[in-house]
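Here is a protein chain to be read from its overall make-up down to single side-chain pairs. Please keep the sequence and the coordinates open while reading.

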Amino acid sequence: MRSPIASFCIAVTLSCLSLVQPAVSMDLQLAGKTALITGSTGGIGYGIAKVLLHEGAQVIVNGRTPESVAKAVASLKEATGKTPLGFAGDMSRADDIARLVKTFPSVDILVNNVGRFVPQEFAQSTDQDWYETFDLNVMSGVRLSRAYLPGMKQRNWGRIIFISSESALQIPVESVAYGMSKAAQIAVARGLAETCAKTGVTVNSILPGPTLDSDDPRSAARFGGRSQAEVEEEFFKTRRPTSLIKRFERTDEVATFVAYVASPLSSAMTGAALRVDGGVVKSAF
């Protein structure tokens, strides 16, 4: 037989449990929206594609080669049960972008994610290195936005997102050209947002911190035989000591934030440089 105290505790517990409501998932209202994510066969772009597919959007995956696109499409279908569309093309080339726009003339969500990071000494960098970085990281987004923004304005709804970086605010000495390109993306995004005033179109840039795709088999190769823990400790001690989380971000941590910004729920958020950087940028603003 239970003691009176035990019976009382059980009754109180059951009463409290009856007040707990089941968790309600947030509907991002992306069903029926078409999203193009450049550079989405791996890394952050792939993560964004996966989240948007889960949320019901039709997704266009992009990579340089038909093989990489086909592999990503198959992998995303297996992961989500939904089949994305695919487009193989080099987003640094105006003719490939023209071919993409002809193939997919209308998108609701444009995520300018593709980019290159080439570590090199500034004095050893060439004009061609800078041109190639600028063409891919900046001009791809400029050209695609120029192509898709008029349709978004006509429909009075759209999302343009530039995946910039904390490197736009803290220019890395190992790649000044990369930092320049990421700062330029923020400027382009803010300028485009100004042109969308009083419309249902928003334009933002998102600034991830150092991110690691643990599912990418190339990650282990970059560690040089060391464990992830060893690489992480050294990196955040010497390269990004201001990080508050003291670890690499996961691609899904960035992707879920991008999905929210891409959704109708973020309608009051525009013209902003939004940090999801693990506190690397040492600023409260």
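The paragraphs below go from the whole chain to its cores, then to aromatic rings, one glycine and the salt bridges.

The model is predicted, and the features of single residues described here were taken only where pLDDT is at least 70. The protein chain has nine helices and nine strands. It holds 285 residues, and 47% of them count as buried. The accessible surface of the chain is about 14,800 Å², with 58% of that area belonging to carbon and sulfur atoms. Contacts tend to span long stretches of sequence: of those between residues at least 6 apart, 72% join residues at least 24 apart.

In soluble globular proteins, nonpolar side chains tend to be buried together. In this model the largest nonpolar core has 30 residues, and I48, L52 and I206 are the members that touch the most others. Several elements give two or more residues to this core: strand 1 (34-37), helix 2 (43-54), strand 2 (58-63), helix 3 (66-80), strand 4, strand 5 (158-163), helix 9 (251-262) and strand 9 (273-276). Helix 2 gives the most, with seven residues. What is L52 in contact with, leaving aside its neighbours within four places in sequence? The partners are L30, A35, I37, A57, V59 and A259. Another core lies apart from this one and has 24 residues, including L36, I97, Y148 and L192.

The aromatic rings come next. The whole structure contains five aromatic pairs. A pair of this kind is described by the distance of the centres and the angle of the planes. F117 and Y178 are 4.9 Å apart, centre to centre, with 85 degrees between the planes, an edge-to-face arrangement. This pair links distant parts of the chain, since F117 is in the loop between strand 4 (109-112) and helix 5 (127-155) while Y178 is in helix 6 (residues 176-195), 61 residues apart. The two partners fall into separate accessibility classes: F117 is partly exposed at 38% relative accessibility, whereas Y178 is buried at 13%.

For F235 and F248, the ring centres are 5.2 Å apart and the planes are at 40 degrees, so this pair is tilted. F235 belongs to helix 8 (residues 228-238), and F248 is 13 residues away in the loop between helix 8 and strand 8 (249-250). Is each of these rings buried or exposed? F235 is buried, with a relative accessible area of 15%, and F248 is buried as well, at 13%. Together with F236, F235 and F248 form one aromatic cluster. A ring can also have a charged side chain over its face: K33 lies over W157, at 3.9 Å from the ring centre.

G209 sits in the loop between strand 6 (201-208) and strand 7 (211-212). Its relative accessible area is 10%, under the 20% cut-off, and therefore G209 counts as buried. Not counting residues up to four places away in sequence, G209 touches E166, E249, V276 and D277. One of these partners, E249, is 40 residues from G209 along the chain, yet the two C-alpha atoms are separated by 6.9 Å.

E166 also takes part in a salt bridge. Twelve salt bridges are found in the whole structure. In the one between R240 and E166, the closest N and O atoms are 2.9 Å apart. R240 is in the loop between helix 8 and strand 8, and E166 is in the loop between strand 5 and helix 6, so that the pair links parts of the chain 74 residues apart. Both R240 and E166 are buried.

The salt bridge between R190 and E194 has an N to O distance of 2.7 Å. These two residues are four apart in helix 6, and therefore about one helical turn separates them. R190 is partly exposed, with a relative accessible area of 42%, and E194 is partly exposed too, at 48%.

R250 and E253 form a further salt bridge, their closest N and O atoms being 3.3 Å apart. R250 has a relative accessible area of 42% and is partly exposed; E253 is also partly exposed, at 22%. This pair does not stand alone, as salt bridges that share partners join R247, R250, D252 and E253 into one network.

How values were computed
Residues are numbered from 1 along each chain as its sequence is written. This is a predicted model: local features need pLDDT of at least 70, side-chain atom pairs count only at pLDDT 80 or more; totals for chains, interfaces and linings use all residues. Side-chain values use heavy atoms; hydrogens and water are left out. Buried means under 20% relative accessible area, exposed over 50%, partly exposed in between (1.4 Å probe, protein chains only). Contact means heavy atoms within 4.5 Å. Accessible areas come from the Shrake-Rupley method with a 1.4 Å probe; for residues, only the protein chains shown count as cover. Rings of Phe, Tyr and Trp (its six-membered ring) pair if their centres lie within 6.5 Å; planes under 30 degrees apart count as stacked, over 60 as edge-to-face and the rest as tilted. A charge sits over a ring if NZ of Lys or CZ of Arg is within 6 Å of the ring centre and within 35 degrees of the ring normal. A nonpolar core is a set of buried Ala, Val, Leu, Ile, Met, Phe, Trp, Tyr and Cys residues joined through side-chain atoms within 4.5 Å. A salt bridge is a side-chain nitrogen of Lys or Arg within 4 Å of a carboxyl oxygen of Asp or Glu.
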